[in-house]
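Grab a pencil and work through a few short exercises. Take a look at the model first, then try each task before reading its solution.

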Amino acid sequence: MKILVCVSVVPDTTTKITFTDNDTQFNKAGVQFIINPYDELALTRALEITEKNGGSVSIITVGEADTDPVIRKALAIGAADAIRVDVEPKDGMFVAAQIAEQAKQGGFDLVLTGRESIDYNGGQVAGLVAEMMNVTLINVAMELDAEGNTITATRDIDGGRETLSCNTPCVVSAQKDLCEPRIPNMRGIMMARSKPLNVVEAVDKFNYTSFDSYELPPAKGGVQMIDAENAEELMDLLHNEKKLF
Amino acid sequence: MAVLVFAESDNGKYKKSSFEAVSYGKDLATQLGTSCFAITIGNKGSENLGKYGADKEFNVSGDAFESFNSQTYAKAISEVASSNDVDTIVISQTYSGKSVAPLVAVKTNSALVTGVVDMIDTSDGFKVKKTCFSSKAFSTVSVNHSNRAITLIPNSYQINEAGSDAEQVATNTAVTSSDIDAKIEATNKETGKIALTEAELVVSAGRGLKGPENWTMVEELAGVLGAATACSKPVSDMEWRPHSEHVGQTGITIKPNLYIAAGISGAIQHLAGVGSSKVICVINTDPEAPFFKAADYGIVGDAFEVLPKLIKRAKEIKGIA
Ligand SMILES: Cc1cc2nc3c(=O)[nH]c(=O)nc-3n(C[C@H](O)[C@H](O)[C@H](O)COP(=O)(O)OP(=O)(O)OC[C@H]3O[C@@H](n4cnc5c(N)ncnc54)[C@H](O)[C@@H]3O)c2cc1C
Ligand SMILES: Nc1ncnc2c1ncn2[C@@H]1O[C@H](COP(=O)(O)O)[C@@H](O)[C@H]1O
């Protein structure tokens with residue numbers, strides 16, 4: 001099975017988010033960039049599947065040269081090779097068109113993404129790629145198995161879970177519980193240096209959306225403390241003043 | 001030109017978020033000077049969506065729609081959109097909505113904006129406010145394309161009930177059961193519980209509760225208030241509570257009107273999933289716990305003493321013996 005894992009490069013989860021240029025740009029100063037946590041799960045599960053059933057795992061990132069160190073980290077975890085589409089990712093549709101093109105050219109059986117990227121939180125790319133490739137989408141899977149050309153996955157639905165099966169080629173997006181993410185070891189890091197990282201040009205596609213400006217959530221008005229002795233008062237406030245129940 | 005809202009049902013009942021989406025669609029349509037259509041698929045709820053502002057309701061049914069499948073649902077929505085001159089599609093950001101929206105966007109060649117939290121500014125173009133950086137910030141996104149699809153986060157828009165009955169249109173589509181592209185092998189629904197993503201009130205607890213046996217207090221308070229229960233990541237990792245209750249950056253993002261957190265420190269990754277709740281109450285023994293900075297009400301105290309007091313008072317207010 002040939003698996004392509006989509007890797008988005010995002011700010012570390014503990015990053016304090018600030019903006020520059022009159023709140024039109026994300027402030028990258030001092031920010032550490034990492035593999036999107038869900039993509040790390042997708043990558044680990046892809047490796048587990050190919051180790052069991054045979055096949056290969058490639059990764060793809062749509063991004064400029066500054067993403068290379070993070071791509072090398074994904075190679076160190078175990079992917080065989082990487083594709084980088086050399087363009088700044090701006091719109092989910094644009095990114096998906098790049099990935100769909102490479103996935104078609106490479107003849108992949110299974111494309112894995114994360115549930116969402118933790119920076120722009122589109123949760124879009126998996127579905128867009130699936131539809132552009134005209135293949136099945138299984139969204140937000142926390143269990144994933146492959147047997148021959150059948151994929152079985154368990155995913156979240158509103159108020160519960162369901163288990164689905166479909167044939168390859170298909171696209172699955174990963175969420176927590178899929179597996180324990182692998183951490184690169186020394187040998188992996190050494191080997192990653194010489195693995196192929198193929199830089200390709202973007203296919204032409206219009207950006208339908210643009211991120212114009214950013215704002216932080218309004219500051220809270222400050223916390224009103226209630227003495228633990230009179231904790232009951234909280235319920236009175238929520239009932240009488242806030243009318244919440 | 002028109003606005004089309006996908007009004008999602010679950011087993012013959014509309015989700016509350018569907019009413020929010022129709023109310024939103026109506027206000028957007030008014031702003032754009034067009035009509036607001038609703039589409040229902042499969043076993044729909046019993047209300048007439050005109051009440052929430054729909055001008056017309058397209059009711060799609062058939063073998064292909066007995067249970068949710070992203071491909072057949074996306075085909076139906078796209079077909080109705082294309083044959084009714086729709087240029088703006090509104091979908092609630094539920095699990096189903098999130099799966100269907102990207103497929104619809106490609107089929108209808110629409111720009112897609114997800115995570116929408118507010119009404120669109122159409123005074124100069126089409127400007128949409130959405131969450132980003134795991135709810136740590138918002139962005140204003142411009143759409144530079146004539147067709148667009150958006151997904152609206154539940155609990156972001158006020159339900160409006162001022163409308164009158166909408167015309168019901170039984171709608172045939174070309175979608176058949178052979179379009180179903182994934183087979184459902186098993187479904188496991190937690191019945192009788194309030195779904196966390198839909199809940200208006202949530203009672204949550206963390207590692208400070210020491211062990212799963214102490215959740216009876218959490219469940220009791222939630223039960224009295226009519227709230228859903230949630231937990232922090234370590235709590236679901238240790239399997240004190242089911243995975244489906246885990247909120248935060250790697251869990252579910254929620255936006256209830258009330259979030260009560262007992263014995264949760266308020267790590268940045270936890271706040272990413274709950275920080276946009278309207279009223280946050282924090283109970284923690286440590287006055288320095290970071291969660292207090294994000295709270296509206298705070299109690300420095302032991303959850304084992306505070307929660308029983310809250311339960312007692314809530315019961316008195318509700319008149320429960
Ligand atoms: C990549 C990544 C993703 C993550 N994603 C998430 C996520 O999605 N959701 C999430 O929740 N976490 C997430 N975390 C973990 C997060 O950083 C914290 O470790 C976690 O939220 C802490 O959970 P907690 O507050 O329950 O436990 P603790 O940090 O152990 O805090 C327990 C709190 O309870 C208080 N306490 C103790 N006893 C009592 C008592 N008797 N009464 C009242 N209070 C008491 C303590 O003062 C303390 O503040 C993530 C971490 C990483 C690195
Ligand atoms: N620039 C990118 N390059 C490669 N994969 C991406 C990129 N952006 C998003 N993805 C993939 O799509 C998933 C969902 O991203 P998003 O739709 O942006 O929330 C991510 O978890 C990645 O797997």
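**Exercise 1.** What do the buried residues of H4(B) pack against?

*Solution.* Keep in mind that this is a predicted model. Start with the helix itself: H4 of chain B covers residues 215-225. Next, pick out its buried residues, which are B:Trp215, B:Met217, B:Val218, B:Leu221, B:Ala222, B:Val224 and B:Leu225. Now look at what these residues pack against: in chain B you'll find S13, S14, helix H5 (233-237), S15 and helix H7 (303-318), and in chain A helix H6 (232-241). Finally, step just past the end of H4(B), where B:Gly226 has a positive phi of about 75°.

**Exercise 2.** Find which way each residue of strand S13 (residues 201-205) of chain B points, and whether the strand is covered or not.

*Solution.* Sort the side chains by direction: B:Leu201, B:Val203 and B:Ala205 go one way, while B:Val202 and B:Ser204 go the other. That's a familiar pattern, because side chains in a regular strand alternate between the two faces of the sheet. Then check burial, taking under 20% relative accessible area as the cut-off: five of the five residues in S13(B) are buried.

**Exercise 3.** Which strands does S13(B) pair with, and in what sense?

*Solution.* Take S15 (residues 258-262) of chain B: five bridges link S13(B) to S15(B), in the parallel sense. Here B:Ser204 sits opposite B:Ala261. Then turn to S14 (residues 228-231) of chain B, which runs parallel to S13(B) with four bridges. One pair to spot is B:Ala205 with B:Cys231. Now bring the helix back in: S13(B), H4(B) and S14(B) form a right-handed β-α-β unit.

Terms used:
Residues are numbered from 1 along each chain as its sequence is written. Chains are lettered from A and ligands numbered from 1 in the order in which they are written. This is a predicted model: local features need pLDDT of at least 70, side-chain atom pairs count only at pLDDT 80 or more; totals for chains, interfaces and linings use all residues. Side-chain values use heavy atoms; hydrogens and water are left out. Buried means under 20% relative accessible area, exposed over 50%, partly exposed in between (1.4 Å probe, protein chains only). Helices (H or I, at least four residues) and strands (E, at least two) are DSSP runs, numbered from the N terminus. Two strands pair if DSSP finds at least two bridges between them. A crossover is right-handed if, with the strands pointing away from the viewer, the path from the first strand over the helix to the second runs clockwise. Contact means heavy atoms within 4.5 Å.
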